[in-house]
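The exercises below are to be worked through with the sequence and the three-dimensional model side by side. Each opens with a task, and a stepwise solution follows.

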Amino acid sequence: MHSRILRFGFIAIVLILTYGFIAYEIIRFEELKSFEFGFLLKKTSSYLFLVVVFLLMILNWAIESYKWQILISPLQNIAFANSFKAVMAGVSVGVFTPNRVGEIGGRILFLEKGNRTAGAFASAIGSLAQFVATIFMGIFGFVMLLIIFPEKTQINPILNKSLAIILTAILVVLIWSYYNIKRIVPWLLRFSFFKKRENPFRAISQFSGKTSTTILALSILRYLVFSIQFFLLLRLFNVPISLVAGFVSISMTYLFMTIIPTTTLLELGLRGSMAILFIGLFSGNIIGIVLASIFLWIINIAIPAVAGTFYLVKSK
């Protein structure tokens, strides 16, 4: 009875914080109030763009759900549909937590109790893979910026090269860590908390190189999906930007959003600021850039978070 009361209280708090935070983030942006959406509704292409972006949102989270299914397979076999529900519930919990770390808590609710700690570790491995993908694509975009658009970089050339070297060094360390999880686990097992769960942790750490590469490839594919979404929304809001310039600026936006620590209340503002900084190098349509950032957040985070609350309520 006591556990059921705690569970009900937890879900109630999550629902209040999720809906409250989403409403707060949307209401506080003046761009949404001042922008004339009438012209979008008159263009058939606008509906097509939005439909494609929504379909890509589903693909985005489907890829993440497949990743999660693979990651926890050494612990527990779950159907893809249940994996999708767990990921959506994770978005609901994560939406109001710093850097969305709460996603882990939402996902592991769908695992058996004995597997939840190791499941959190599996989720961390998946996050590391996504982080590696973001850093890799960001460095690639940064190098393209220096080579193809040197006139857009206002920083000292020495600082540009130094930043590229530092980011590359970080990437090398991350890739080594990702492919050598089994060497890190023995260090974790020195702590009694992890030692009590040694078998699940060792099972998670024994991914083959092929499986690890599959998870990383899915992370890169997911990155490309939400980058395409961003580019389409920029074009929807009349931000004139080429495909190459779009890739460069979007990859830089995601790179610095990833490496700069932030709180939930600042995330959407940071997303808009980074977009203005980098996409603004190629377009002066600041309102269009901000609106594209806001709509991407609404479509990729807010809507799945709302959907995830229904799965969260039904979780056992």
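**Exercise 1. A charged cluster**

Begin from the fact that arginine 107 and glutamate 103 are both buried in this predicted model, and work out which salt bridges connect them to other residues.

*Solution.* Step one is the pair itself: the side chains of arginine 107 and glutamate 103 form a salt bridge with an N to O distance of 3.8 Å, and the two residues lie four residues apart in helix H6, about one turn of the helix.

Step two follows arginine 107 to a second partner, glutamate 64, which the arginine side chain meets in a salt bridge at 2.8 Å, N to O. This pair links distant parts of the chain, since arginine 107 belongs to helix H6 (residues 103-108) and glutamate 64 to helix H4, 43 residues apart. Because buried means under 20% relative accessible area, arginine 107 qualifies at 3%, and glutamate 64 qualifies at 5%.

Step three moves on to lysine 67, which forms a salt bridge with glutamate 64, the closest N and O atoms being 3.2 Å apart. Lysine 67 and glutamate 64 are separated by about one helical turn because they stand three residues apart in helix H4 (residues 44-71), and both are buried.

Step four assembles the result: Glu64, Lys67, Glu103, Arg107 and Arg222 are linked in a network of salt bridges, while the structure as a whole holds four salt bridges.

**Exercise 2. Two residues of one helix**

Decide whether threonine 253 is buried or exposed, and then set it beside valine 244.

*Solution.* Threonine 253 lies in helix H13 and counts as buried because its relative accessibility is 0%. Its side chain reaches the backbone oxygen of serine 249 at 2.8 Å. Beyond its neighbours within four places in sequence, threonine 253 is in contact with residues including Phe230 and Ile279, and these two, together with Trp68, touch the most other members of the largest nonpolar core, which has 85 residues.

Valine 244 is also found in helix H13 (residues 243-259), but with a relative accessible area of 38% it is partly exposed. With Val143, Ile147 and Ile148, Val244 makes a nonpolar surface patch of about 330 Å², to which helix H7 (residues 116-148) gives the most, with three residues.

**Exercise 3. The whole chain**

How many helices and strands does the protein chain have?

*Solution.* The secondary structure comes to 15 helices and zero strands. Of the 316 residues, 48% are buried, and the accessible surface is about 15600 Å², with 71% of this belonging to carbon and sulfur atoms.

Notes
Residues are numbered from 1 along each chain as its sequence is written. This is a predicted model: local features need pLDDT of at least 70, side-chain atom pairs count only at pLDDT 80 or more; totals for chains, interfaces and linings use all residues. Side-chain values use heavy atoms; hydrogens and water are left out. Patches are made of residues with over 30% relative accessible area and no salt bridge: like charges are joined within 9 Å, nonpolar side chains (Val, Leu, Ile, Met, Phe, Trp, Tyr) within 5 Å. Accessible areas come from the Shrake-Rupley method with a 1.4 Å probe; for residues, only the protein chains shown count as cover. Buried means under 20% relative accessible area, exposed over 50%, partly exposed in between (1.4 Å probe, protein chains only). A nonpolar core is a set of buried Ala, Val, Leu, Ile, Met, Phe, Trp, Tyr and Cys residues joined through side-chain atoms within 4.5 Å. A polar contact is a pair of N or O atoms within 3.5 Å; within protein, one must be able to donate a hydrogen and the other to accept it, and residues adjacent in sequence count only if both atoms are side-chain atoms. Contact means heavy atoms within 4.5 Å.
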